[in-house]
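User: I would like to go through a structure and ask what stands behind each term. Please give the criteria as you go.

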Amino acid sequence: MRIIFRLILVSTILTVGYLFYIDFSLVAHWVLVIFFSILFSLWLLTFFFSRKTFFQGIYFAEFVLYFAKEMLTATFQIVREVLTRKTHIKAGIIALPLDLKDDLEITILASLISLTPGTLSIEVSEDKSLLFIHAMYIPNGDTDRIKSQIKNGFERRVQRIFN
């Protein structure tokens, strides 16, 4: 317990010293202070919980950035579809085999897929091994490409956060 208090004391002294040293007229300084304080707070939590908590925080931040990127990409694809005269829609239903077994993880994955424009989760099989997805854009009928994108994207990231 003494080590934790020493670490907190040293980090406080270093932070206060840093705050007096720099000029906060630049936005970059604020971003650095906020980033390092969040990172340090997550690191301190590892002493109270476990190291797994620290990495789950990092995985969650990476997941949020990935979801934002996928959301923007899909949104621009839908906007392009609405604004152009020629349709690019090649819709279909895909049966995605699931590696996730927990109900919460499957629900989160299905919700993320439904939140992304152009895709919709339809149903989960009774044995929780398949997730049926309606996709608006399946280029050249290549369902394996869509499956690998979802498995290597959303499913892998959800699994990393919860496991």
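User: What makes the largest pocket a pocket, and what is its volume?
Analyst: The largest pocket has a volume of about 560 Å³. On a 1 Å grid over the protein atoms alone, a pocket is an open set of points with protein on both sides within 12 Å along at least five of seven lines, whereas a cavity is a set where a 1.4 Å probe fits but cannot get out. The volume is the space filled by probe spheres set on the points, which are joined across faces, edges and corners. This is a predicted model: local features need pLDDT of at least 70, side-chain atom pairs count only at pLDDT 80 or more, and totals for chains, interfaces and linings use all residues. Residues are numbered from 1 along each chain as its sequence is written, and side-chain values use heavy atoms, without hydrogens and water.

User: Which residues that line the largest pocket are the closest to its centre?
Analyst: Of 23 lining residues (an atom within 4 Å of a point), these are Glu70, Gln77, Tyr137, Ile146 and Gln149. The elements giving two or more residues to this lining are α3 (51-83) and α5 (143-162).

User: Why is the largest nonpolar core called a core?
Analyst: A nonpolar core is a set of buried (under 20% relative accessible area, 1.4 Å probe, protein chains only) Ala, Val, Leu, Ile, Met, Phe, Trp, Tyr and Cys residues joined through side-chain atoms within 4.5 Å. The largest such set has 21 residues, and Leu109, Ile113, Leu131 and Phe154 have the most contacts inside it.

User: What does Phe154 touch?
Analyst: Leaving out residues up to four places away in sequence, Phe154 has contacts (heavy atoms within 4.5 Å) with residues including Phe63, Leu109, Ile113 and Gln149.

How values were computed:
Helix = DSSP H or I, 4+ residues; strand = E, 2+ residues; numbered from the N terminus. Buried < 20%, exposed > 50% of the residue type's maximum accessible area, 1.4 Å probe, protein only.
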